[in-house]
Amino acid sequence: MAIIFRCDHCNTRYRVDLEKAGCRAKCRQCGRDLVVPDAKQSDHPVERPRVKKIRSVTKPVHPVDSRKRRKIADHIESTIGPIDFIFHELVSEYVQIDVYRVPPQTNHPYYTLVTSGMSELPMTVPDGAEALRYAELMLCLPRTWNLGMDDFRDERHYWPIRLLKVLARLPHEFQTWLGPGHSVPNGVPPLTYASNTHFCGAVLMPPLSPPTRFRTLDMGDDEEIHFYAVIPLYADEMECKVQKGMNYLIDRLDRAEVNEVIDIQRKNTCKKSWFDW
């Protein structure tokens, strides 16, 4: 199965392999920037519980694959840096989602958080997209972010970790999938993740801050894990993606140099005004 799409500006038709989903390129006809869409665009893949909603366990947890987790940890350490802490999940549903933390490095001065457990089970992907069945998620936090265990009693500090866990479990809970370009609101209507931010949704993109080789991990036996960056969005940005398309949103985010490093003070790249839209 291939991804077939057209340039938003000149309508030139392209056909590329599934692995190119989320990649950036220039149109050979008009020279405009474009982003390869995923195999089956989904602006709101599922209606899901809000990040803060706590539910009782209803499904048995899939057994932990210690070999796979070790390979994920080795992959993180070989591409980003040494793991200094693991946020282990004590109570889980569907799969156990742990979060590995890499402290700021000389060439990567942020905390990097990466899930481990989402890839324990294959996602329910469209026919022909089997290469995208396995995934893990990541995001980065500034070195000033409060990451002590006592700090996590405050949702203003904990919400990025909770967001990773909720999104990593979502495909298994709702028999769906997540890939580059998928956006997920924090409920319907979306609410902000915490009192210190106006972010109320997120989009998945290929990571920009780590080395390119971090993006995939070959597990053998035709199994490849894809690592996607979670980028929090404002309500205007989610609406912009729905109405104007992923390429338009990517252009706005690129102009503002937005990536997976969370900045709760960053500008709203799609803020409405008399001159917008």
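Visitor: What makes Arg255 count as exposed?
Guide: Arg255 has 65% relative accessibility, and the label exposed needs over 50%, with buried meaning under 20% and partly exposed lying in between (1.4 Å probe, protein chains only). So Arg255 counts as exposed. Bear in mind that this is a predicted model, where local features need pLDDT of at least 70, side-chain atom pairs count only at pLDDT 80 or more, and totals for chains, interfaces and linings use all residues. Residues are numbered from 1 along each chain as its sequence is written, and side-chain values use heavy atoms, with hydrogens and water left out.

Visitor: And why is Asp251 called partly exposed?
Guide: Asp251 comes out at 30%, which falls between the two limits, so it is partly exposed.

Visitor: How do you know that Asp251 and Arg255 form a salt bridge?
Guide: A salt bridge needs a side-chain nitrogen of Lys or Arg within 4 Å of a carboxyl oxygen of Asp or Glu. Asp251 and Arg255 meet at 3.0 Å, N to O, so the pair qualifies. Both sit in helix 4 (residues 246-255), four residues apart, about one turn of the helix. Helices here are DSSP runs (H or I, at least four residues), strands likewise (E, at least two), numbered from the N terminus.

Visitor: Which parts of the chain does the salt bridge of Glu223 and Lys68 link?
Guide: That pair meets at 2.6 Å, N to O. Glu223 is in strand 12 (residues 223-233) and Lys68 in helix 1 (residues 66-79), 155 residues apart.

Visitor: Why are Glu223 and Lys68 called buried?
Guide: Glu223 has a relative accessible area of 16% and Lys68 has 4%. Each value is under the limit for buried, so the label fits Glu223 and Lys68.

Visitor: What makes Arg169 and Glu89 a salt bridge?
Guide: Their closest N and O atoms are 2.6 Å apart, which is within the cut-off, so the pair counts. Arg169 lies in helix 2 (residues 155-174), while Glu89 is in the loop between strand 5 (85-87) and strand 6 (98-102). Arg169 is buried at 12% relative accessibility, and Glu89 is buried with a relative accessible area of 12%.

Visitor: How many salt bridges turn up in the whole structure?
Guide: The search finds 13. Arg69, Asp98 and Glu120 are linked in a network of salt bridges.
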